[in-house]
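Me: I have a structure open and would like to talk it through before I go back to the bench. Could you walk me through it?

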Amino acid sequence: MEALILHEIRQFVLNSPANRFAGTEMPFFEAPIIGFARADDPLFSAYKRIIGDFHLTPGEIMQQCWGTDLSFGGSVICWVLPISETTRLSNRRQTRIPSLEWALTREHGETFNNLLRHHMTSYLISRDCQAISPLLSEIWQPVDDPVAGLASTWSERHAAYAAGLGTFSLNGGLITSRGMAHRCGSIITDLDLPPTPRPYDTPREYCLFFREGHCGKCIARCPVGAFSTQGHDKGKCLDYAYKTISKAFTEQYGIKAPGCGLCQTGTPCEAGIPEQNHD
Ligand code: SF4
Ligand code: SF4
C-alpha cells in the first residue's frame with residue numbers, strides 16, 4: 001500500500017490539469033516529496049507543549065472524526081509541493097509585492113492542493129481505510145493564543161517535520177530537500193505505513209542561521225520587517241500579506257489570497273538545503 005500511495009500522490013500532482021496555470025502547460029508545483037509519520041509518534045504529543053495544548057494529535061482528530069482509537073497504529077501522510085522554478089525566479093526579482101505567478105500559485109495552487117487532499121482522502125476510504133484531511137475538516141481552526149500567537153489546531157508543517165520532510169527556518173517556514181518555497185499537505189489514516197526516517201537531530205538544523213550562526217538573508221527580503229533573529233511577528237506578516245498585498249491583487253487581478261513569499265525566495269534555502277558556508 002505504501003508504494004500505491006506514493007504513486008497516487010505523484011501521478012495526481014504531475015498529471016492533474018488543476019496543477020496548471022490557466023491556458024498553459026506550466027505547473028504550479030513540481031514533483032512532490034512525500035513522508036509518513038506514525039500517528040502515535042511522541043512528537044505529536046510533544047507539540048502540545050511546543051505549540052500549545054490546543055494543537056491536536058492525530059489520535060484526537062481520528063477520535064473526533066471517525067470515533068477511532070489510534071493508540072496502536074495509524075499514520076500521517078505528508079507531502080511537500082515545490083513551487084515551480086519559473087515562479088520562484090519571478091518572485092526572486094520582487095522586492096515589495098509578490099510576482100503575479102507567485103500570487104496565482106498561492107491562490108489557485110492551493111485550490112489544487114485542496115483537490116489533492118480530497119483525492120487522497122477518497123482514495124484511502126475507497127480502499128477500506130479511514131482517512132481525514134484535517135485542513136478540510138471543521139476540526140481545523142485558527143487559534144490566537146496569548147503565548148503561541150497566531151496558530152491553529154493542526155500544523156501541516158509540524159506534521160511534515162515529524163514525517164522527515166524538513167526542519168524549521170528563521171522565518172518560520174520549513175526547509176526541505178526541495179527548499180522552502182512550497183506548500184504542504186497532510187492526511188491522517190488508520191493505515192499502518194512505515195515511518196520515514198528523520199534525517200536530522202534538531203528542529204532547525206537546515207537553517208544556516210541556527211546551524212552556523214550566520215546568513216539571515218530572509219530578514220532583508222521582508223519589506224515590512226516582520227521578523228528578525230529575535231522572533232517572528234506573525235500578525236505583521238499576515239496583515240501585510242492578507243490586507244496590503246491582497247488589496248492590490250484583488251483590485252487588479254481578482255486574486256484574493258496572493259500570499260507574499262518574498263522571504264521564501266532569493267535566499268540560499270529557496271530550492272534546497274543550504275550548503276555549509278553558503279554566503
Ligand atoms: S535565508 Fe538563511 S537564515 Fe533565512 S531561513 Fe534561509 S538559511 Fe535560514
Ligand atoms: S511572507 Fe511575511 S515575513 Fe515573509 S517577506 Fe512577506 S511579509 Fe515578510
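**Talking through the model**

Reply: Isoleucine 132 stands opposite isoleucine 188 in E8, and since this is a predicted model, that pairing, like the rest of what follows, is computed from predicted coordinates.

Me: Which strands join E8, and in which sense do they run, parallel or antiparallel?

Reply: E3 is joined to E8 by 2 bridges and runs antiparallel to it, while E2 is joined to E8 by 8 bridges, also antiparallel. In the pairing with E2, leucine 81 is the residue that stands opposite arginine 183 in E8.

Me: What is the order of the strands in that sheet?

Reply: The sheet is open and has 4 strands in the order E1-E2-E8-E3, with antiparallel pairing. E1 (33–38) and E3 stand at the edges with a single partner strand each, so one side of each has no neighbour in the sheet.

Me: How many bridges hold E1 to E2?

Reply: E1 and E2 pair in the antiparallel sense over 6 bridges, and within that pairing phenylalanine 36 stands opposite isoleucine 77 in E2. As a general point, strands of a sheet pair through backbone hydrogen bonds, either parallel or antiparallel.

Me: Back to E8, how many of its residues are buried?

Reply: In E8, 8 of the 8 residues are buried, so the strand is largely enclosed by the rest of the structure. His182, Cys184, Ser186 and Ile188 point one way from E8, whereas Arg183, Gly185, Ile187 and Thr189 point the other way, and all are buried.

Me: What about helix H3, which of its residues are buried?

Reply: In helix H3 (residues 58–66) the buried residues are Pro58, Ile61 and Met62. Viewed down the axis of H3, these buried residues fall within an arc of 95°, so they line one face of the helix.

Me: And what covers them?

Reply: The cover over the buried residues of H3 includes helix H2 (42–50), strand E2 (75–82), strand E3 (131–132) and strand E8 (182–189). Just after H3 comes glycine 67, which takes a positive phi of about 70°.

Me: Changing topic, which residues are closest to ligand 1?

Reply: Ligand 1 is surrounded by 14 residues, of which the closest are Ser169, Cys207, Cys215, Cys218 and Cys269. Helix H7 (208–212) and helix H8 (217–221) are the elements that give two or more residues to this shell. By type, the shell around ligand 1 divides into 9 nonpolar, 4 polar and 1 charged.

Me: Where is Cys215, and is it buried or exposed?

Reply: Cysteine 215 is found in the loop between H7 and H8, and with 20 C-beta neighbours inside 10 Å it counts as buried, because the cut-off for buried is 20 or more. Its phi is near 110°, a positive value in a residue other than glycine. For background, most residues other than glycine have a negative phi.

Me: Which other residue that is not a glycine has a positive phi?

Reply: Aspartate 128 has a positive phi of about 65° although it is not a glycine, and its place is in the loop between helix H5 (100–125) and E3. With 8 C-beta neighbours inside 10 Å, aspartate 128 counts as exposed.

Me: Now ligand 2, which residues come nearest?

Reply: There are 13 residues around ligand 2, and Cys222, Cys237, Cys260, Leu262 and Cys263 come nearest. Helix H9 (residues 234–253) gives the most to this shell, with 3 residues, and the shell around ligand 2 divides into 10 nonpolar, 2 polar and 1 charged.

Me: What joins E4 to E5?

Reply: A hairpin joins E4 to E5 through 3 residues, and the two strands, E4 (residues 142–145) and E5 (residues 149–152), pair in the antiparallel sense over 4 bridges. Aspartate 144 stands opposite leucine 150 in E5.

Me: Is Gly149 in E5 buried or partly exposed?

Reply: Glycine 149 lies in strand E5 and, with 14 C-beta neighbours inside 10 Å, counts as partly exposed. The C-alpha atoms of glycine 149 and aspartate 233 are separated by 8.7 Å, although the two residues are 84 residues apart along the chain.

Me: Last one, what is the radius of gyration of the chain?

Reply: The chain has a radius of gyration of 18 Å, which agrees with the value near 19 Å for a compact globule of 279 residues. Buried residues make up 43% of those 279 residues, and the secondary structure comes to 9 helices and 10 strands.

Notes. Residues numbered from 1 in each chain as written. Chains lettered and ligands numbered in written order. Predicted model: local features only at pLDDT ≥ 70, side-chain atom pairs only at ≥ 80, totals over all residues. Near = placed C-beta within 6 Å. Nonpolar A, V, L, I, M, F, W, Y, C, P; charged D, E, K, R; others polar. Rg over C-alpha atoms; globule rule 2.2 N^0.38 Å. Buried ≥ 20, exposed ≤ 12 C-beta atoms within 10 Å, placed from the backbone. Pairing = 2+ DSSP bridges. Arc of directions from axis to C-beta. Contact = placed C-beta atoms within 7 Å.
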